[in-house]
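Q: I should like to learn how to read surface patches and charged pairs in a protein model. Could we work through them in turn?

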Amino acid sequence: MTSNTQQSAVTVLGLGPMGRALAGAFLAAGVRTTVWNRTPGKERELVERGAAVARSPEEAAGASPLTVICVVNYDAVDAVVRRPEVADALKGRTLVNLTADTPDRARDTAAWAGDHGIGYLDGAIMTPTPTIGTPAGVFLHSGPEELYRAHRPTLDALGGTHTHLGADVGRAAAYDIALLDIFWTAMAGYAHALAVARAEGISARELAPFAQGIGAILPPLFEEGAADADSGTYSGEGNPITSAVSSMAHIVHTSEAHGIDASVMRAAEGLARRVIGQGHGDDGFLRVTELLNPSA
Ligand SMILES: NC(=O)c1ccc[n+]([C@@H]2O[C@H](COP(=O)([O-])OP(=O)(O)OC[C@H]3O[C@@H](n4cnc5c(N)ncnc54)[C@H](OP(=O)(O)O)[C@@H]3O)[C@@H](O)[C@H]2O)c1
């Protein structure tokens with residue numbers, strides 16, 4: 001516990017699994033914490049640990065210089081904060097929105113906050129609830145840097161690493177979208193792999209150590225891919241897209257022979273074939289990036 005967190009106070013709006021984890025971490029760090037949730041009852045354990053409960057979001061917002069909101073999406077954020085009494089309570093204070101949604105919604109919420117004299121930072125949490133309050137948590141932030149600096153000591157109570165990505169308030173959500181794009185497409189591939197493996201009599205347990213090996217190939221590829229995408233040169237040395245597309249076709253044929261939907265892999269194969277059709281068959285798979293969004 002630092003002297004800064006001892007002296008600070010925070011309000012947490014939203015007590016789903018993540019909101020409860022955030023409030024719990026603030027309490028564990030000795031930050032005076034006020035909580036509110038639309039549906040009562042989720043605050044019980046936090047109250048036992050010393051949290052104060054507000055009867056309304058405006059009462060909660062008025063209790064602390066810093067309010068953190070973490071609900072399902074920005075429609076829910078709007079339902080909680082875009083009401084005159086809540087806006088009045090937040091006026092002259094700071095709202096940190098750790099709810100996940102789109103960059104445009106983040107910018108729109110920042111504009112609303114600015115119109116109402118509310119300091120606004122947007123953020124994204126990139127790790128699951130058990131990491132909150134531990135060194136493993138990853139938090140991304142965007143918005144006015146001086147506001148971020150002012151509240152960083154309180155946010156540090158959440159543990160983990162905090163990165164300020166710049167003044168464009170949509171930037172944290174933009175990173176979140178890009179990173180979750182990697183995550184969900186990988187999870188779709190994993191779910192499909194489990195279905196195909198099961199059809200071939202391979203259990204998920206039997207596959208697991210080899211699946212981990214495939215996963216471990218990816219981190220170095222993210223480094224190489226960054227150099228390729230930022231320079232616009234996609235070397236296919238070692239694995240040209242003509243070879244990759246053949247491997248993808250085997251996956252499609254095997255799954256469809258088992259009656260398993262191969263639409264995700266068909267989509268990837270289709271993109272690869274279009275790149276080959278453009279005359280880039282000797283390049284690597286990431287040439288697809290240029291097909292999807294040609295650099296200027
Ligand atoms: N859980 C994770 O591991 C994780 C990891 C990274 C990021 N996140 C992000 O953190 C945010 C919160 O996630 P979560 O895990 O706590 O669960 P969640 O199911 O996404 O959100 C539940 C919270 O949203 C509130 N809510 C939903 N609709 C509402 C409305 N119309 N008005 C007011 N409140 C409303 C719920 O209130 P009620 O209790 O009244 O329904 C509850 O407090 C999400 O944006 C999620 O993407 C979560």
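**Reading a patch and a charge network**

A: In this predicted model, Tyr175, Leu179, Ile182, Ile214, Ile217, Leu218, Leu221 and Phe222 make a nonpolar surface patch of about 710 Å². Two elements give two or more residues to the patch, namely helix H9 (171-199) and helix H10 (204-231).

Q: Which element gives the largest share of the nonpolar patch?

A: Helix H10 does, with five residues. Leucine 179, by contrast, lies in helix H9.

Q: Is leucine 179 buried, partly exposed or exposed?

A: The partly exposed class runs between 20% and 50% relative accessible area. Leucine 179 has a relative accessible area of 37%, and is therefore partly exposed.

Q: How should charged pairs be read, and how many salt bridges does the structure hold?

A: Side chains of opposite charge can pair when their charged atoms come close. The structure holds 14 salt bridges. Among them, arginine 82 meets aspartate 78 at 3.0 Å, N to O, and aspartate 108 at 2.9 Å. The pair of arginine 82 and aspartate 108 links distant parts of the chain, 26 residues apart: aspartate 108 is in helix H7 (residues 103-115), and arginine 82 is in the loop between helix H5 (74-81) and helix H6 (84-90).

Q: What are the relative accessible areas of arginine 82 and aspartate 108?

A: Arginine 82 is at 29% and aspartate 108 at 40%; each counts as partly exposed.

Q: Where else do a arginine and an aspartate form a salt bridge?

A: Arginine 152 pairs with aspartate 156, with the closest N and O atoms 2.8 Å apart. Elsewhere, salt bridges with shared partners join Asp75, Asp78, Arg82, Arg105 and Asp108 into one network.

How values were computed
Residues numbered from 1 in each chain as written. Predicted model: local features only at pLDDT ≥ 70, side-chain atom pairs only at ≥ 80, totals over all residues. Heavy atoms only, no water. Patch = residues over 30% accessible without salt bridge, like charges linked within 9 Å, V, L, I, M, F, W, Y side chains within 5 Å. Areas by Shrake-Rupley, 256 points an atom, 1.4 Å probe, with all protein chains shown as cover. Salt bridge = Lys/Arg side-chain N within 4 Å of Asp/Glu carboxyl O. Helix = DSSP H or I, 4+ residues; strand = E, 2+ residues; numbered from the N terminus. Buried < 20%, exposed > 50% of the residue type's maximum accessible area, 1.4 Å probe, protein only.
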